[in-house]
Amino acid sequence: MTSLYVDRRGVTLKADGEALVFYENDERVGTVPLAPLSRVFLRGDVTLSSALLGKLGERGIGVVVLSGRKAVPTMLLGRPHNDAARRVAQYRLAQDADYCLRFSRAIVEAKLRAQSAFLAARRESEPQSRYLLTVALRRLAGHIAAVDEQASLASLRGLEGAGAAAYFEGFADLFADRLHFSGRNRRPPRDPVNALLSLGYTLLHAEAVLALYGAGLDPFIGFFHSLDFARESLACDVVEPLRVEVDQHALMLFRTEKLRPEDFSMTSAGCLLGKAGRACFYAEWEPLAARLRKLLAESVGDVAAALGTDGVTPEGGEGAPAGTPGGAATDDDPPADDDPATDDDDAF
């Protein structure tokens, strides 16, 4: 399964049998078969026919609309999972402080361990960054050891934040000086690396929301991230262990010079990724997106299994996703609210 990225003004999409057809100025300019599609991402002034929306919904193909300069995501999806008992169990356990703390400890420990593994691997091949990476690794080791000592979500979130600070100090040293990356910033991002991280985190978050709806879970009711208006807190929970995948991807794109500083522009709205850069990014993103969907499916499946139909954690379990993969540093607010920092030029 694959994704289709449409990033161009003045395009109309229609259904023609089992195909999606592109029109510009009433002229047919392209065709894509529906069969291999799992997602359609839209940005720019794109028009969809109701017949096509119906076909996408019937096939469970999620549609993600990235609107405005900040590319705020809106999602359209087919009928969600039929088992409402899962959502009832989720709501019940979201009120269980002990369950939430067990779940959150597992998430934070997995994230810290993966941060450490990533930086340790880079230390072996980055002699110029060895000192700062070693310092960051020592700090992360202390935070990992302290996870089980945290008796509340508040203290655990503080530990997570300290881990994020340590991680980004080491991570930032891996990038060339000309990228002006010294750590995480956003709303708006002020350098090319942060612009790319925001865009990647936004796409990852959208994938998590679609996966949760498909599994019959409510993305807005989390266990580690608290309730907040318009925030898909459970999606924020499950992407925590996967952000490191986006971080590594961003590092690769700059190290291989598939993206360069000249692909970005600085405006009053922050650092923006331009037309040519977006085309490159989407082409390189799709192989990673396929891997992320598999990891999300495993993690979401573990969450659903831990909930059970009666809301009781399976015997012997800790009430957290057993298959949670390791991940990267996060911001406290939802990645969906990150500014993906792309400009509004046309691009497919």
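This is a short walk through one protein chain, from its overall make-up to a sheet, a helix and several ring contacts.

Thank you all for coming. Before anything else, please keep in mind that what you see above is a predicted model, and that residues are numbered from 1 along the chain. The chain has 9 helices and 10 strands, and of its 348 residues, 54% are buried. If we take the contacts between residues at least 6 apart in sequence, 69% of them join residues that are at least 24 apart.

Let me begin with the sheet that includes strand 2. It is an open sheet of 4 strands in the order 4-3-2-6, and its pairing is mixed. Strand 4, residues 27–33, and strand 6, residues 46–48, are the edge strands, each of them pairing on one side only. On average, and ignoring direction, neighbouring strands here are turned by 25° against each other.

How is strand 2 paired with strand 3, and over how many bridges? The two run in the antiparallel sense, with 6 bridges between them, and in their hairpin, where 2 residues lie between the strands, Gly17 takes a positive phi near 65°. With strand 6, by contrast, strand 2, which covers residues 11–16, pairs in the parallel sense over 3 bridges. Leu13 is a good residue to look at here, as it stands opposite Phe22 in strand 3 and also has Leu48 as its bridge partner in strand 6. Thr12, for its part, stands opposite Thr47 in strand 6. Helix 1, residues 50–58, packs on this sheet and touches strand 2, strand 3 and strand 6, with its direction at about 60° to that of strand 2.

A little further along is Leu37, which lies in strand 5, residues 37–43. Is Leu37 buried or exposed? Its relative accessibility is 3%, and since the cut-off for a buried residue is under 20%, Leu37 counts as buried. Leu37 and Leu56 are 19 residues apart in sequence, while their C-alpha atoms are 9.1 Å apart in space.

Now I would like to turn to helix 8, which runs over residues 243–255 and has 13 residues. From its first C-alpha to its last it reaches 19 Å, close to the 18 Å expected at 1.5 Å a residue. The helix is mostly covered, with 10 of its 13 residues buried, and among these are charged-type names such as Arg243, Glu245 and Asp247 alongside Val244, Leu251 and Phe254. What do the buried residues of helix 8 pack against? Their partners are helix 3, helix 5 (153–172), helix 6, helix 7, strand 9 (264–267) and helix 9 (275–307). Just after helix 8, Glu257 takes a positive phi of about 60°.

The last topic is the aromatic rings. The structure holds 17 aromatic pairs, and one of them is formed by Tyr99 and Phe223, which meet edge-to-face at 5.1 Å centre to centre with 70° between the planes. Why does this pair tie together parts that are 124 residues apart in sequence? Tyr99 lies in helix 3, residues 97–125, whereas Phe223 lies in the loop between helix 6 (192–214) and helix 7 (233–239), so the pair joins those two places. Tyr99 is buried, with a relative accessible area of 1%, and Phe223, at 2%, counts as buried too. Another edge-to-face pair is that of Phe281 and Tyr282, with 5.8 Å between the centres and 70° between the planes, and both of these residues are buried.

Ring pairs also link Phe118, Tyr167, Phe168, Phe171, Phe175, Phe181, Phe254 and Phe264 into a cluster; Phe254 is the residue we met among the buried ones of helix 8. Rings take part in contacts with charges as well: the charged end of Lys14 sits over the ring of Tyr23, 5.0 Å from its centre, and that of Arg157 sits over the ring of Phe224, 5.7 Å from its centre.

I will close with Asn185, whose place is in the loop between helix 5 and helix 6. Asn185 is buried, with a relative accessible area of 11%, and, leaving out residues up to four places away in sequence, Asn185 touches Arg190, Asp191 and Asn194.

Notes:
Predicted model: local features only at pLDDT ≥ 70, side-chain atom pairs only at ≥ 80, totals over all residues. Heavy atoms only, no water. Phe/Tyr/Trp six-rings, centres within 6.5 Å; stacked < 30°, edge-to-face > 60°. Buried < 20%, exposed > 50% of the residue type's maximum accessible area, 1.4 Å probe, protein only. Lys NZ or Arg CZ within 6 Å of the ring centre and 35° of its normal. Expected span 1.5 Å × (residues − 1). Contact = heavy atoms within 4.5 Å. Pairing = 2+ DSSP bridges. Axes fitted to C-alpha atoms, helices over the stretch in contact; angles between N-to-C directions.
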